Every structure is written in C-alpha cells, then in structure tokens.
Amino acid sequence: MSMRDVTDADFDVEVLKNGRPVLVEFTAEWCGPCKQLAPVLRSIAEEEGERLDVVAIDVDANPDTAVKYGVLSMPTLMVFKDGEPVWSRVGARPKRRLLEELAEAL
C-alpha cells in the first residue's frame with residue numbers, strides 16, 4: 001500500500017471510518033521538514049501496509065481538518081484508531097525512531 005493524499009471532504013471516510021489505524025501527516029507545500037519526512041513516510045507505508053494506512057493532508061488546501069485537531073506546526077503526525085487520535089508528534093524524525101514511536105500506538 002502506498003501513501004495517499006486526503007482532503008477535508010474525504011477525511012471522515014478515509015481516516016475516521018477506516019477499520020485500521022491511520023497515520024496522518026499534516027503537511028504543507030512550503031514545509032522543509034515535511035519534504036525530508038516524505039520518503040520516510042512512503043517507506044513506512046510500503047513496509048507497514050498490512051497493519052497501517054498512511055495518508056497526508058495539505059493544511060493550506062484543507063484548513064478545516066487542521067483546525068479541528070489543533071494542528072499548528074508542520075509536520076504534525078497523528079495516528080487515528082476507531083475515529084479518534086491516539087498518538088501525536090510534531091516534527092520530522094528518522095525512520096527507525098518513528099517506527100519505535102509508532103509501535104506504542106499500533
């Protein structure tokens with residue numbers, strides 16, 4: 001499974017009503033650390049696709065979702081399970097560290 005983009009319009013279906021845990025990256029086109037994190041997240045999407053969906057939402061194009069979850073800094077990562085955010089981190093991090101942190105939430 002590869003990483004895909006979601007919007008304010010389909011966030012409910014793609015994330016909140018998803019039967020699996022979903023890692024959401026709140027991102028923006030102008031965000032340098034987001035660009036650094038992109039290949040890490042794509043890799044995690046490929047490797048962890050059996051147990052985790054990975055999506056990105058552009059906060060400039062989709063401000064409603066960012067406001068709803070109090071996202072102020074990019075990148076913000078959140079894991080949603082059963083429609084609720086259960087884990088959150090701000091900032092880019094190396095893949096190994098991110099996988100270790102995600103293990104708590106999965």
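Two strands count as paired if DSSP finds at least two bridges between them. That rule matters for the sheet described here, which belongs to a predicted model.

## The sheet

Two bridges join β1 to β3 (residues 53-58). This pair of strands runs parallel. Within it, Arg4 has Val55 of β3 as its bridge partner. Helix α4 (residues 95-105) packs on the sheet and touches β2, β4 and β5. Its direction makes about 160° with that of β5.

The sheet as a whole is open and has five strands, in the order β1-β3-β2-β4-β5. Its pairing is mixed. β1 (4-5) and β5 (84-90) are the edge strands, each pairing on one side only. Strands of a sheet pair through backbone hydrogen bonds, either parallel or antiparallel. The table lists the pairs.

| Strand pair | Bridges | Direction |
|---|---|---|
| β1 and β3 | two bridges | parallel |
| β2 and β3 | six bridges | parallel |
| β2 and β4 | five bridges | antiparallel |
| β4 and β5 | six bridges | antiparallel |

Individual residues help to place the register. Thr27 stands opposite Asp58 in β3. Val24 stands opposite Met78 in β4. Lys81 stands opposite Glu84 in β5.

Helix α2 (residues 32-47) also lies on the sheet. It crosses β2 (22-27), β3 and β4 (76-81). Relative to β2, α2 runs at about 165°.

## Burial of β2 and β4

How many residues of β2 are buried? Six of the six are, so β2 is largely enclosed by the rest of the structure. In a regular strand the side chains alternate between the two faces of the sheet. Both faces of β2 are covered. Val22, Val24 and Phe26 are buried on one side. Leu23, Glu25 and Thr27 are buried on the other. β4 is mostly covered as well, with five of its six residues buried.

## The largest pocket

The largest pocket holds about 300 Å³ of space. It is lined by 17 residues, and the closest to its centre are Asp5, Glu25, Thr27, Glu29 and Ala56. β1, β2, α2 and β3 each supply at least two residues of the lining. Which element gives the largest share of the lining? That is α2, with four residues. By class, the lining has eight nonpolar, two polar and seven charged residues.

Glu29, one of the residues closest to the pocket centre, sits in the loop between β2 and α2. Is Glu29 buried or exposed? Its relative accessible area is 61%, and exposed means over 50%, so Glu29 counts as exposed. Not counting residues up to four places away in sequence, Glu29 touches Lys35 and Asp58. Glu29 and Asp58 are 29 residues apart in sequence. Their C-alpha atoms are 7.4 Å apart in space. Asp58 is also the residue of β3 that stands opposite Thr27.

## Thr65 in helix α3

Thr65 is found in helix α3 (residues 63-68). Why does Thr65 count as buried? Its relative accessible area is 7%, and buried means under 20%, so Thr65 meets the cut-off. Beyond residues up to four places away in sequence, Thr65 touches Asp8, Phe11, Phe26 and Ile57. Phe26 is among the buried residues of β2. Thr65 and Pro94 give another pair 29 residues apart along the chain. Here the C-alpha atoms are separated by 26 Å.

## Backbone features in two loops

The loop between α3 and β4 contains Pro75. The peptide bond from Met74 to Pro75 is cis, with omega near -10°.

The second feature lies in the hairpin of β4 and β5, which has two residues between the strands. Asp82 lies in this loop between β4 and β5. Asp82 has a positive phi of about 50° although it is not a glycine. Is Asp82 buried or exposed? Asp82 counts as exposed because its relative accessibility is 70%, above the cut-off of 50%.

How values were computed
Residues numbered from 1 in each chain as written. Predicted model: local features only at pLDDT ≥ 70, side-chain atom pairs only at ≥ 80, totals over all residues. Heavy atoms only, no water. Contact = heavy atoms within 4.5 Å. Axes fitted to C-alpha atoms, helices over the stretch in contact; angles between N-to-C directions. 1 Å grid on protein atoms, 1.4 Å probe; cavity = no way out; pocket = protein on both sides within 12 Å on 5 of 7 lines; lining within 4 Å. Points joined across faces, edges and corners; volume = space filled by probe spheres on them. Nonpolar A, V, L, I, M, F, W, Y, C, P; charged D, E, K, R; others polar. Buried < 20%, exposed > 50% of the residue type's maximum accessible area, 1.4 Å probe, protein only.
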